[in-house]
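Hi there,

Here is the model I promised to pass on to you. Have a look at it first, and my notes on the contacts follow below.

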Number of protein chains: 2
Amino acid sequence: MRKRVTIRDVADRAEVGVGTVSRVLNGHPKVSDNTRQRIKSVIADLDYHPHFAARHMRTANSQTFGFITDQIATTPYAVKLIQGAQDAAFQNDMLLLIINTEGNPALEADAVKLMLERHVEGIIFATMYPRIVTLPPAIHQLPAVLLDCMVADGALPSVVPDEYGGGYLATRTLIENGHERIAFINLHQESLAAKGRLRGYRAALRDHGLSNGDRYLRQGTDWADSGYQQAYDLMRLATPPTAIFCGTDRIAMGVYDALKEMNRRIPDDISVIGFDNQEIIAAYLRPPLSTMEVPFYMMGRFAIEYLLSGSDEKIQKQMACPFIERESVRTI
Amino acid sequence: MRKRVTIRDVADRAEVGVGTVSRVLNGHPKVSDNTRQRIKSVIADLDYHPHFAARHMRTANSQTFGFITDQIATTPYAVKLIQGAQDAAFQNDMLLLIINTEGNPALEADAVKLMLERHVEGIIFATMYPRIVTLPPAIHQLPAVLLDCMVADGALPSVVPDEYGGGYLATRTLIENGHERIAFINLHQESLAAKGRLRGYRAALRDHGLSNGDRYLRQGTDWADSGYQQAYDLMRLATPPTAIFCGTDRIAMGVYDALKEMNRRIPDDISVIGFDNQEIIAAYLRPPLSTMEVPFYMMGRFAIEYLLSGSDEKIQKQMACPFIERESVRTI
DNA sequence: CTGTTAGCGCATTCAT
DNA sequence: ATGAATGCGCTAACAG
């Protein structure tokens with residue numbers, strides 16, 4: 001860890017004033033090519049790096065965004081949220097300061113405080129699953145975007161997946177493949193995700209004249225077990241469904257197990273669609289599971305780009321969930 | 001975004017000098033309780049936050065570590081790596097600056113440069129899976145720790161999982177449960193992880209007089225498919241194994257499928273152990289999979305704690321992989 | 001115990 | 001086109 005080399009050192013060695021060095025550092029036009037070259041080579045020789053904090057203090061420009069998560073970082077999904085934000089930030093010469101609060105409100109307040117002290121230029125607050133949150137009031141002192149969550153009064157811009165659209169598209173896809181008896185095993189119903197997906201399912205059915213009084217609707221829990229149970233229940237019906245739309249890929253895992261036990265072949269005997277596109281599950285299931293993707297990566301990107309845009313519109317962005325086709329759906 | 005309030009404002013309002021304010025800010029003892037209280041209340045009134053960059057410039061103390069990843073952030077495992085580091089750092093008043101390079105060497109160099117400019121107090125370089133890496137030379141200008149990887153010349157401290165120990169423990173656990181014909185379906189053999197786990201498997205067998213010339217050893221790929229294939233192959237043997245140790249949980253997924261097709265019950269007919277403890281798979285498989293955990297969280301913590309310790313010893317830390325008991329192993 | 005002062009490294013006037 | 005001077009907000013050293 002040798003002595004830090006400052007702009008002064010560069011200036012001295014290049015026999016110019018610090019101002020000139022600063023100018024070439026910042027790509028200022030009015031520097032003769034001659035001196036510019038000389039300075040650049042000195043910078044390289046000395047391996048000089050500008051002191052970020054000094055520049056920051058001078059320019060009031062921290063080139064940093066804060067990224068606060070409740071426990072998102074724990075879940076496999078949402079890594080992509082971070083990564084999308086990361087990439088978008090990096091491409092714009094910004095870095096991310098990440099704090100994980102485990103949903104502890106005291107920590108959240110601390111986190112916001114720390115970010116304020118570090119003069120981040122904006123804050124992203126991301127949650128593990130879509131929900132309504134209450135935030136430390138201090139967050140309003142900065143541009144902020146909510147990721148995968150929203151505040152009750154809509155006072156903060158937010159970006160969330162279009163659960164409704166996803167539910168609709170999954171169901172419509174099945175319909176377009178000729179299915180008419182389409183079951184839906186939803187995840188735990190308190191969740192915003194569950195509500196949205198369910199509305200989409202019902203709407204698609206209705207729009208295609210296939211409403212059936214929720215005869216094939218089942219309430220699951222988000223765990224494979226419930227998929228297993230409900231699949232059994234469903235298949236024992238007098239006229240069982242020809243397709244099962246699962247509220248999560250994990251539910252689909254359970255459905256697969258039950259179906260296999262019953263010697264039903266996927267997709268020949270019955271089609272299955274999941275939700276979440278957890279690669280680790282969906283891609284490795286046998287056969288690979290067709291499912292809806294929650295566009296975490298793009299959501300992360302969008303949040304940063306919104307911050308970068310400087311807009312103060314309180315948009316409530318819903319991002320579409322695309323259908324990921326694999327091998328669990330068959331046309332009949 | 002109202003005008004920033006500085007230490008000057010606080011001093012004026014409290015009718016003291018800035019030095020005194022600075023002292024209470026830094027918990028300096030020699031301040032009368034009286035003035036301390038007054039200043040504190042002014043700080044609260046004004047909602048004053050010290051300017052981090054200014055302090056940093058003055059103290060040469062950035063309270064920040066850099067965390068560079070190749071693509072770790074993409075994978076579900078390693079989120080825990082970040083989280084462990086995160087938590088340990090936060091508890092010591094440090095924050096993490098995270099950059100994901102996608103394994104792009106140019107980006108890696110940029111990342112190190114940015115971290116140098118921001119005066120991080122140390123760098124953690126983490127990879128998605130254990131391997132030998134080459135790093136931008138500039139990284140040597142700072143304390144650095146490698147996570148889940150190492151450099152060829154051992155010139156940098158590193159912390160990796162004890163793959164050997166994990167392989168050994170998994171095998172020994174099976175042995176202690178009375179199994180003697182123990183198969184091992186390894187993941188793709190180029191990986192360090194595969195080599196270590198295999199050595200552990202062989203050593204445990206040998207130490208218990210169970211060596212069998214690798215009769216039950218199979219080479220898989222890391223995908224469920226290979227587990228499926230190899231399980232069929234294994235079970236068709238004249239004297240099939242009574243237990244299968246899988247190089248990854250994904251392989252175990254395939255093994256489960258094959259076993260179920262063959263109407264073998266887990267664990268009654270055959271025991272299975274996985275590796276990785278990918279909760280999303282292991283906990284949801286039916287029955288839940290007993291497996292070896294790679295201690296990512298603790299590895300992350302350790303890396304930070306090592307940095308914090310200020311040690312310059314080039315330790316090569318191997319962290320034990322504990323056995324996570326679920327329901328796929330039975331005593332015979 | 002407390003006020004005053006001198007930089008930390010840089011970007012930006014203002015001269016030249 | 002370039003050098004010199006100023007101050008961003010803070011901590012530490014020095015006086016008292």
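Let me start with one base contact: a side-chain N or O atom of B:Arg23 is 3.2 Å from a base nitrogen of DNA strand D. Please keep in mind that this is a predicted model.

Two further contacts of chain B go to the phosphates of DNA strand D. B:Asn26 has an N or O atom in its side chain 3.4 Å from a phosphate oxygen of that strand. B:His51 uses its backbone instead, with an N or O atom 3.0 Å from a phosphate oxygen of DNA strand D. As for which elements give two or more residues to the surface near DNA strand D, they are α2 and α4 of chain A along with α2 and α4 of chain B. The most comes from α4(B), which gives five residues.

In total, 25 residues surround DNA strand D, and the closest are A:Gly17, A:Thr20, B:Ile7, B:Tyr48 and B:Arg58. By class, this surface has eight nonpolar, 10 polar and seven charged residues. Looking from the DNA side, 63% of the atoms of strand D within 4 Å of the protein belong to sugar or phosphate, and the rest belong to bases.

Now to the other strand. What does B:Arg58 contact on DNA strand C? A polar atom of its side chain lies 2.8 Å from a base nitrogen there. Two threonines of chain B go to phosphates of DNA strand C: B:Thr20 has a polar side-chain atom 2.5 Å from a phosphate oxygen, and B:Thr35 has a side-chain N or O atom 2.9 Å from a phosphate oxygen. The elements that give two or more residues to the surface near DNA strand C are α2 (18-25) and α4 (52-59) of chain A, and α2 (18-25) and α4 (52-59) of chain B. Here α4(A) gives the most, with five residues.

DNA strand C is surrounded by 27 residues, of which the closest are A:Ile7, A:Tyr48, A:Arg58, B:Thr20 and B:Arg23. These residues divide into nine nonpolar, 11 polar and seven charged. Of the strand C atoms within 4 Å of the protein, 59% are part of sugar or phosphate, with the rest in bases.

If you want a place to begin in the viewer, try the two arginines of chain B with base contacts: B:Arg23 at a base nitrogen of DNA strand D, and B:Arg58 at a base nitrogen of DNA strand C.

Happy viewing, and best wishes!

Key. Residues are numbered from 1 along each chain as its sequence is written. Chains are lettered from A and ligands numbered from 1 in the order in which they are written. This is a predicted model: local features need pLDDT of at least 70, side-chain atom pairs count only at pLDDT 80 or more; totals for chains, interfaces and linings use all residues. Side-chain values use heavy atoms; hydrogens and water are left out. A residue is near a molecule or strand if one of its heavy atoms lies within 4 Å of it. A polar contact is a pair of N or O atoms within 3.5 Å; within protein, one must be able to donate a hydrogen and the other to accept it, and residues adjacent in sequence count only if both atoms are side-chain atoms. Helices (H or I, at least four residues) and strands (E, at least two) are DSSP runs, numbered from the N terminus. Ala, Val, Leu, Ile, Met, Phe, Trp, Tyr, Cys and Pro count as nonpolar, Asp, Glu, Lys and Arg as charged, and the others, Gly among them, as polar.
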